[in-house]
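Biologist: I am new to this structure. Please take one part and walk me through it closely.

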Amino acid sequence: MKTSDVVDVYKTRICHYCGIGLDPEAPRGHLCRTTMDHKVPLKRGGSNTRENLVAACWSCNCRKNRKTAEEFLALLMKIGLIGTLRDRSGPAKPRAARVR
Ligand SMILES: [Zn+2]
């Protein structure tokens, strides 16, 4: 794993899975804390290359555990935590920033 890849991941401000706004300065265990996730877990043959690394919120990273990104996204949709499939190629709106 290259340091530049890690820095790159931690610059990401949107969770790869649920789309929530991320904050690398948030305290450990906070929902919005930026964590680095392997799309394909190392224990399932994933690598430490940039292509396999994404930023995820604390909550998603804990729940994803040994699932692949595809399996986890399917689970989020099944249980309704992703209401609509957002376009992952375009800019996403950080949901945590919504203020009433
Ligand atoms: Zn998330």
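What follows is a close look at one strand and its surroundings.

Biologist: Where does the largest share of the largest nonpolar core come from, and what surrounds that part?

Modeller: First, some ground rules. This is a predicted model, in which local features need pLDDT of at least 70 and side-chain atom pairs count only at pLDDT 80 or more, while totals for chains, interfaces and linings use all residues. Residues are numbered from 1 along each chain as its sequence is written.

Now the layout. The protein has three helices and two strands. Helices (H or I, at least four residues) and strands (E, at least two) are DSSP runs, numbered from the N terminus. Along the sequence the pattern is α-β-β-α-α.

The largest nonpolar core has 16 residues. Such a core is a set of buried Ala, Val, Leu, Ile, Met, Phe, Trp, Tyr and Cys residues joined through C-beta atoms within 7 Å. β2 (53-57), α2 and α3 (69-78) each supply at least two residues of this core. The largest share, five residues, comes from β2. In general, nonpolar side chains in soluble globular proteins tend to be buried together.

So look at β2 itself. Five of its five residues are buried, so β2 is largely enclosed by the rest of the structure. Buried means that 20 or more other C-beta atoms lie within 10 Å of a residue's own; exposed means 12 or fewer, and partly exposed lies in between, with C-beta atoms placed from the backbone. Leu53, Ala55 and Cys57 point one way from β2. Val54 and Ala56 point the other way. Across the protein, 24% of the 100 residues count as buried.

β2 has a partner. Strand β1 (residues 34-38) pairs with β2 in the antiparallel sense over five bridges. Two strands pair if DSSP finds at least two bridges between them. Within this pairing, Asp37 has Val54 as its bridge partner in β2.

Next, Ala56. Cys15, Tyr17, Ala56 and Cys57 have the most contacts inside the core. Two residues are in contact if their C-beta atoms, placed from the backbone, lie within 7 Å. Leaving out residues up to four places away in sequence, Tyr17 touches Ala56, Cys60, Phe72, Leu73 and Leu76.

Lys64 also reaches this strand. It lies in helix α2 (residues 58-64). Beyond neighbours within four places in sequence, Lys64 is in contact with Asp37, Ala56 and Phe72. Lys64 counts as buried because 23 other C-beta atoms lie within 10 Å.
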